[in-house]
Amino acid sequence: MSQHSIANLLNSTTAAGTLPALETRLLMMHVLNKTRIQLITQADYELSDSELNALQLLIDRRVQGEPIAYLIGQREFFGLMLQVTPDVLIPRPDTELLVELGLQYAPPNSTVLDLGTGSGAIAIALAHQRADLQVWACDISQAALAVAQNNAVTHQCKITLLKSDWYAQLPDMQWQTIVSNPPYIVQHDPHLSQGDLRFEPINALTDHADGLSAYRQLIAGAVSRLTEDGWLLLEHGYDQAQAVRALLTEHQFINVQSWCDIAGIERVSVGQRHSI
Ligand code: GLN
């Protein structure tokens, strides 16, 4: 078997350095534009010099800590393969809870707004599951909106994308459901300078304050941006449920409640705008 065949490279420890086999396989699929199955059925395929170089470069970058999703430019979320770039947060499995709740809370044929959409993951998953919804999504970052737009086109979702600093530049209208996964990590959290987070857009991760400033703005603004009886659904950090519920209650939201993710952690808090 040749030294530079797929099979040999996947077996050799030198090529992959310290990478887990799964990650080497993902990088190889990307460089060779082959599926997981093709890597097996075409295991004798010999990599060209340029393919070898490209693979080695990605392996080196991964060893330095760059997230695999940025290296291969995609990540699966809610069953959809999404483009991701360093301009957007990498969609997390935790956030699928927010999508599931959005699907439950949004009435038939209603409007939904996703604030700080990033890659468009939440908005696109909602629109993809529910053709009856009219989905709007905004982000302050033009670069993120370009990624979201691309993902919406790929998955043939008609969502309205707008550049806006939360509600500031949105048209004068109200939505029946508002969802958001805002930046919620506290300013000095050591995790921001560790692991994958080092490579993600800092403004998508932290509010550069106590981790709650986005919620203060989103909750205060939702009072006039939700239709009567509309629901606000907010993802938050593992220790923020109580603080977010308190903010919702302070702004006269009713039926305030938190929902747990698959790890049993309170991950999304919801509240309903009361009828006047
Ligand atoms: N869930 C992300 C993390 O803890 C944070 C994303 C966010 O701030 N919305 O890694």
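**Exercise 1. Where is the place of Ser 12, between which helices?**

Step 1. Work with the predicted model. Ser 12 sits in the loop between helix H1 (6-11) and helix H2 (13-16).

Step 2. Check its surroundings. Ser 12 has 12 other C-beta atoms within 10 Å. A residue is exposed if that count is 12 or fewer. Therefore Ser 12 is exposed.

Step 3. Look along the chain to Asn 255. Ser 12 and Asn 255 are 243 residues apart in sequence. In space they are 57 Å apart, C-alpha to C-alpha.

**Exercise 2. Describe the chain as a whole.**

Step 1. Begin with the secondary structure. The chain holds 12 helices and 9 strands.

Step 2. Take its extent. Along the principal axes, the C-alpha atoms fill a box of roughly 75 × 40 × 35 Å.

Step 3. Turn to burial. Of the 276 residues in the chain, 37% are buried.

Step 4. Turn to contacts. Consider those between residues at least 6 apart in sequence: 64% of them join residues at least 24 apart.

**Exercise 3. Set the two UniProt domains side by side.**

Step 1. The unreviewed UniProt entry places "domain: Release factor glutamine methyltransferase N-terminal" at residues 20-73. This span is 70% helix and 0% strand. Its end C-alpha atoms lie 19 Å apart.

Step 2. The unreviewed UniProt entry also places "domain: Methyltransferase small" at residues 96-189. Here the chain is 34% helix and 23% strand. The end C-alpha atoms of this span are 24 Å apart.

**Exercise 4. Which residues of H5 are buried, and on the other side, which are exposed?**

Step 1. Locate the helix. H5 covers residues 49-63, which makes 15 residues. From first C-alpha to last it reaches 21 Å, close to the 21 Å expected at 1.5 Å a residue.

Step 2. List the buried residues. They are Leu 55, Leu 58, Ile 59 and Arg 62. They cover an arc of only 100° around the axis, so they are on the same side of H5.

Step 3. Recall the helix geometry. An α-helix has 3.6 residues a turn, so residues three or four places apart point the same way.

Step 4. Go to the other side of H5. Asp 49, Ser 50, Asn 53 and Asp 60 are exposed there.

Step 5. See what comes next. Gly 65 follows H5, and its phi is positive, near 110°.

**Exercise 5. Find the buried face of H7 and what packs against it.**

Step 1. H7 runs over residues 96-105, with Leu 98, Val 99, Leu 101 and Gly 102 buried.

Step 2. Look down the axis of H7. The buried residues fall within an arc of 165°, so they line one face of the helix.

Step 3. Name the partners. The buried residues of H7 pack against H8 and several strands, including E3 (111-115), E6 (175-180) and E7 (226-235).

**Exercise 6. Is Asp 132 buried or exposed?**

Step 1. Place the residue. Asp 132 is in the loop between helix H8 (121-129) and strand E4 (134-139).

Step 2. Count. Asp 132 has 11 C-beta neighbours inside 10 Å, so it counts as exposed.

Step 3. Find its contacts. Leaving out residues up to four places away in sequence, Asp 132 touches Pro 108 and Asn 109.

Step 4. Compare with Gln 38. Asp 132 and Gln 38 are 94 residues apart in sequence and 38 Å apart in space, C-alpha to C-alpha.

**Exercise 7. Which residues surround the ligand?**

Step 1. Go round the shell. It is formed by Leu 89, Arg 92, Asn 181, Pro 182, Pro 183, Tyr 184, Ile 185, Leu 197 and Leu 205.

Step 2. Sort the shell residues. They divide into 7 nonpolar, 1 polar and 1 charged.

Notes. Residues are numbered from 1 along each chain as its sequence is written. This is a predicted model: local features need pLDDT of at least 70, side-chain atom pairs count only at pLDDT 80 or more; totals for chains, interfaces and linings use all residues. A residue is near a molecule or strand if its C-beta atom, placed from the backbone, lies within 6 Å of it. Ala, Val, Leu, Ile, Met, Phe, Trp, Tyr, Cys and Pro count as nonpolar, Asp, Glu, Lys and Arg as charged, and the others, Gly among them, as polar. UniProt positions are given in the numbering used here, feature names are shortened, and annotations may be inferred rather than shown by experiment. Helices (H or I, at least four residues) and strands (E, at least two) are DSSP runs, numbered from the N terminus. The expected span of a helix is 1.5 Å times one less than its number of residues. A residue is buried if 20 or more other C-beta atoms lie within 10 Å of its own, exposed if 12 or fewer, and partly exposed in between; C-beta atoms are placed from the backbone. The arc is that of the directions from the helix axis to the C-beta atoms. Two residues are in contact if their C-beta atoms, placed from the backbone, lie within 7 Å.
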